[in-house]
Amino acid sequence: MADEAGVDLGELPDAIGYVLRRVQLAIFDDFIRSLASVDLRPSQFSALVVIDRNPGLKQTQVSEALGIKRANFVALVDELEQRGLARRRQVHGDRRSYALELTEAGQACLRAARALQAKHERRIAARLGPGGREALFKFLQALLGR
């Protein structure tokens with residue numbers, strides 16, 4: 001089978017992992033465009049959501065929950081902090097750990113981003129048709145062994 005550029009992809013289009021990765025890239029591309037007006041990347045959006053839902057969580061806990069390498073997460077939090085969206089505070093009794101919380105600006109940015117994310121979700125769900133989103137989640141959960 002050939003792709004749009006006429007390149008023979010062999011058995012790749014029939015491989016679940018390959019198709020899932022291509023779909024992920026397409027959805028992320030749409031999501032990146034969706035968040036452009038609030039100048040957030042998907043990883044930053046995810047971090048803001050988790051910090052919002054779990055104020056005071058340690059940096060390491062948030063990075064582990066999101067599956068982001070510690071060094072990469074430190075840089076991500078640095079950016080959020082420089083933009084005034086999140087702040088670190090020292091964890092009482094642990095000078096090496098920092099707890100995270102959103103600032104008012106971070107909460108406002110997240111509200112706007114959530115509205116954009118909801119539009120993105122509706123756009124993707126519309127492509128799947130009636131009941132498609134629910135069916136897709138069922139299949140994806142099965143792949144996760146749930």
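**Ala47 and the helices around it**

Trainee: Where is Ala47 found?

Mentor: Ala47 is in helix α2. Keep in mind that we're looking at a predicted model.

Trainee: OK. Is Ala47 buried or exposed?

Mentor: Ala47 has a relative accessible area of 0%. The cut-off for buried is under 20%, so Ala47 counts as buried.

Trainee: And what does Ala47 touch, leaving out residues up to four places away in sequence?

Mentor: Leu66, Phe73, Leu76 and Leu80.

Trainee: Let's follow Phe73 then. What does Phe73 touch, with the same sequence neighbours left out?

Mentor: Besides Ala47, Phe73 touches Gln59, Val62, Ser63, Leu66, Ile68 and Leu100, not counting residues up to four places away in sequence. Phe73 is also among the residues with the most contacts inside the largest nonpolar core.

Trainee: How many residues does that largest nonpolar core have?

Mentor: It has 22 residues. Along with Phe73, those with the most contacts inside it are Leu35, Val38, Leu40, Leu48 and Leu80.

Trainee: Which elements each supply at least two residues of this core?

Mentor: α1 (16–35), α2, α4 (70–82), β2 (94–102) and α5. Helix α2 gives the most to this core, with five residues.

Trainee: Back to Ser63 for a second. Where is Ser63 found, and is Ser63 buried or exposed?

Mentor: Ser63 is in helix α3, residues 59–66. Its relative accessibility is 4%, so Ser63 counts as buried. Leaving out residues up to four places away in sequence, Ser63 touches Ile68, Arg70 and Phe73.

Trainee: Switching to helix pairs: at what angle do the axes of α2 and α5 cross?

Mentor: The axes of α2 (residues 42–53) and α5 (residues 104–128) cross at roughly 120° and come within 11 Å. These two helices are therefore oblique to each other, and α2 passes α5 in a left-handed crossing.

Trainee: Which residues in α2 and α5 meet?

Mentor: From α2, there's Phe45, Leu48, Val49, Asp52 and Arg53; they meet Leu110, Ala113, Arg114 and Gln117 in α5. By class, the residues of that contact divide into five nonpolar, one polar and three charged.

Trainee: What about α5 and α6, at what angle do their axes cross?

Mentor: Roughly 90°, with the axes of α5 and α6 (residues 132–143) coming within 8 Å. That makes α5 roughly perpendicular to α6. In this contact, Glu121, Ala125 and Leu128 of α5 meet Gly132, Arg133 and Leu136 of α6. The classes there are three nonpolar, one polar and two charged residues.

Trainee: So how far apart are the C-alpha atoms of Ala47 and Ala125?

Mentor: They're separated by 23 Å, and the two residues are 78 residues apart along the chain.

Trainee: Loops next. Where does Leu57 lie?

Mentor: Leu57 lies in the loop between α2 and α3. Its relative accessible area is 21%, so Leu57 is partly exposed. Leaving aside neighbours within four places in sequence, Leu57 is in contact with Val50, Val62, Tyr98, Ala99 and Leu100.

Trainee: And Asp39, what's its phi?

Mentor: Asp39 has a positive phi of about 55°, although it is not a glycine. Most residues other than glycine have a negative phi.

Trainee: Where is Asp39 found, and is Asp39 buried or exposed?

Mentor: Asp39 is in the loop between α1 and α2. With a relative accessible area of 53%, Asp39 is exposed.

Conventions
Residues are numbered from 1 along each chain as its sequence is written. This is a predicted model: local features need pLDDT of at least 70, side-chain atom pairs count only at pLDDT 80 or more; totals for chains, interfaces and linings use all residues. Side-chain values use heavy atoms; hydrogens and water are left out. Axes are lines fitted to C-alpha atoms, for helices over the stretch in contact, and angles run from 0 to 180 degrees between N-to-C directions. Helices (H or I, at least four residues) and strands (E, at least two) are DSSP runs, numbered from the N terminus. Angles under 35 degrees count as roughly parallel, over 145 as roughly antiparallel, 65 to 115 as roughly perpendicular and the rest as oblique. A crossing is left-handed if the near helix is turned anticlockwise from the far one by less than a right angle, and right-handed if clockwise. Contact means heavy atoms within 4.5 Å. Ala, Val, Leu, Ile, Met, Phe, Trp, Tyr, Cys and Pro count as nonpolar, Asp, Glu, Lys and Arg as charged, and the others, Gly among them, as polar. A nonpolar core is a set of buried Ala, Val, Leu, Ile, Met, Phe, Trp, Tyr and Cys residues joined through side-chain atoms within 4.5 Å. Buried means under 20% relative accessible area, exposed over 50%, partly exposed in between (1.4 Å probe, protein chains only).
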